[in-house]
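The following exercises ask the reader to examine a protein model step by step. Please attempt each task before reading its solution.

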Amino acid sequence: MGMRPGQLYLIQGPPGTGKTTAIVESIRRILGRNPNASILMSSHSNDAVDTGQERLLGFSHVRQARIAEPGKVPRRLRPTLVESDDLEPFNLVAGTCNRLAIDSRLRFKVFDWLILDEANKVRANEALALMPLAKRWVMIGDLKQLPPVMEEAASTFKIEQPLDEVVRDDSFYGWIWDKVPTSSRIMLPRQYRMREPIGRVVSDLFYEGKLIHEAPHPRMPLPWPFDRELVWVDTGAQDEYRDAQRSVANEFEVALCKDITSIIRRRVRKAHLAVIAMYNSQVNRLQGSLKGIVPPEDIESVDAFEGRESDAVILSLVRSNERAAIGFLNDPNRVNVAISRAKKLLVIVGDSKTVIGGAPELFGPLFEHCKEDGLVAGVGAVVTACQRVGIRSQVQRLSRPHRGDRRTRRRRRGQRVPLEAGSNGETPVSVEPGADVEAPLYTNGSDTGVAPEPTAPETPSPIE
């Protein structure tokens, strides 16, 4: 960190590369060499500031002061809150961008360093308000993840010149990235979060294959088809619908997510599970359906789950329609965030035909990676896994027609035809003709049909 006054340094931290660790180590070393140095640490959210502060609590030479409203600071960090006017005893002052910009105690103070975390989510005007408060600036973020959130008031901002659009929509970090010398920016190359099949997808799709995978986590001991790191459960055509707020939901995917999380819970009770979806309406339905299986704070929208991780992540894509309309799913940054939260297992639940049709250059390669490095399975594979672990499948119940509809459907389309059992002797899954389950039990390239579970017995693994 041998930076001169007036120098800007940019760090790109792809998912799992340890952005917070880089911040903590930088602060620890700066203050270790010079305890009288002063550092201003900030980010767009209190959660990000909390994380940095917590990691620095154990170092006695780091004297922290937090500037924030007490109600927005967790109990363990409240001793660092400073209400007096004297900030001189502290060599690290932390707070959100907006809070620091309006604090009168900082008006005539200049720090040696400004360290800005999640800089890709900090608006240009927010970053520029802090830069006069420090001599050197280090900004850490990732252009491939989500940009700043546009507030409702900003949507009416009149655009009269190109820089107006930058101020309204972009981060200073994103705007300046290509304008600084290559010696003033770096990408962290080693990711420690995702097991390699998941990490390789993220690396190939969004980082030109440059990431090095060093995640130490063991594979989760789960039954087929979840006995690997990467699975796409292809739902086929299902019904999506909009609620009163025009948000989209898909009840069939809710039932599938319940089956999948129940399977994981039955085999690995202590695993940290998360279920994320692209739409808030789907999140609300998932929270209602998964009570007692997944804590509500671990069922979130993709945007809300950014910055977090989990042992297993089930991603509900939601969209399924003949027009291949996918809305804001067609956003590489959002998809990157969605598929990079899982440490050991990523299960994508969705209608491949709809999402690939809506964004072939984005979801096509993702689907191919799932086929090559993991598995693309149909709904019947999930039902079979439920039978194997001894739970009742919600999606199978949802797929059966109501009793009053059954006679009519039989007259129109013939008698119920059971699908063939796999060669391993699993109980066949019967689906009523015309029922909602339209996906094959298994898909692999152009082949369709029932994919038998491998006949080799599972090697028992220790429960995590």
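The exercises below treat the sheet, a second group of strands, the cores and some single residues.

The model is predicted, so local features are reported only at pLDDT of at least 70 and side-chain atom pairs only at pLDDT 80 or more, whereas totals for chains, interfaces and linings use all residues. Residues are numbered from 1 along each chain as its sequence is written, and side-chain values use heavy atoms, with hydrogens and water left out.

**Exercise 1. The seven-stranded sheet**

Task: State the order of the strands in the open sheet of seven strands, and identify those at its edges.

Solution. Step 1: Helices (H or I, at least four residues) and strands (E, at least two) are DSSP runs, numbered from the N terminus. Two strands pair if DSSP finds at least two bridges between them.

Step 2: The order is E3-E4-E2-E5-E6-E1-E7, and the pairing is parallel. Strand E3 (64–66) and strand E7 (185–187) stand at the edges; each has a single partner strand, so one side of each lacks a neighbour in the sheet. From one strand to the next, the twist averages 20°, where axes are lines fitted to C-alpha atoms, for helices over the stretch in contact, and angles run from 0 to 180 degrees between N-to-C directions.

Step 3: Strand E1 (residues 8–12) pairs with E7 in the parallel sense over three bridges, and Ile11 stands opposite Ile186 in E7. Helix H1 (residues 19–33) packs on the sheet and touches strand E2 (39–43), strand E4 (92–96), strand E5 (111–116) and strand E6 (134–141); the direction of H1 makes about 170° with that of E2. Contact here means heavy atoms within 4.5 Å.

**Exercise 2. The surroundings of strand E6**

Task: Determine how many of the eight residues of E6 are buried, and which strands are joined to E6 by bridges.

Solution. Step 1: Buried means under 20% relative accessible area, exposed over 50%, and partly exposed in between (1.4 Å probe, protein chains only). Seven of the eight residues of E6 are buried, so E6 is largely enclosed by the rest of the structure.

Step 2: E1 is joined to E6 by five bridges and runs parallel to it; the bridge partner of Tyr9 in E6 is Val138.

Step 3: Five bridges also join E5 to E6, again in parallel, and Leu116 stands opposite Met139 in E6. Between E5 and E6 the chain passes through helix H4 in a right-handed β-α-β crossover. A crossover is right-handed if, with the strands pointing away from the viewer, the path from the first strand over the helix to the second runs clockwise.

**Exercise 3. Strand E13**

Task: Describe which residues of E13 lie on each face, and whether these are buried or exposed.

Solution. Step 1: In a regular strand the side chains alternate between the two faces of the sheet.

Step 2: Five of the five residues of E13 (residues 273–277) are buried. Leu273, Val275 and Ala277 lie on one side, Ala274 and Ile276 on the other, and both faces are covered.

Step 3: E13 runs parallel to strand E15 (residues 310–316), to which five bridges join it; Val275 has Ile314 as its bridge partner in E15. E13 also pairs in the parallel sense with strand E14 (residues 299–301), over three bridges, and Ile276 has Glu300 as its bridge partner in E14. From E13 to E14 the chain crosses through helix H9 (residues 280–289), and this β-α-β crossover is right-handed.

**Exercise 4. The nonpolar cores**

Task: Identify the residues with the most contacts inside the largest nonpolar core.

Solution. Step 1: A nonpolar core is a set of buried Ala, Val, Leu, Ile, Met, Phe, Trp, Tyr and Cys residues joined through side-chain atoms within 4.5 Å.

Step 2: The largest such core has 75 residues, and Phe226, Trp232, Ile339 and Phe363 have the most contacts inside it. Helix H8 (residues 251–267) gives the most to this core, with eight residues.

Step 3: Another core, of 30 residues, lies apart from it and includes Leu10, Val82, Leu133 and Val180.

**Exercise 5. Single residues**

Task: Locate Asn336, and state which bond joins Trp224 and Pro225.

Solution. Step 1: Asn336 is found in helix H11 (residues 332–339) and counts as buried, at 0% relative accessibility. Among the residues that Asn336 touches are Pro15, Asp142 and Lys144.

Step 2: Trp224 and Pro225 are joined by a cis peptide bond, with omega about 10°. Pro225 lies in the loop between strand E9 (212–213) and strand E10 (230–234).

How values were computed:
Lists of a residue's contacts leave out its neighbours within four places in sequence.
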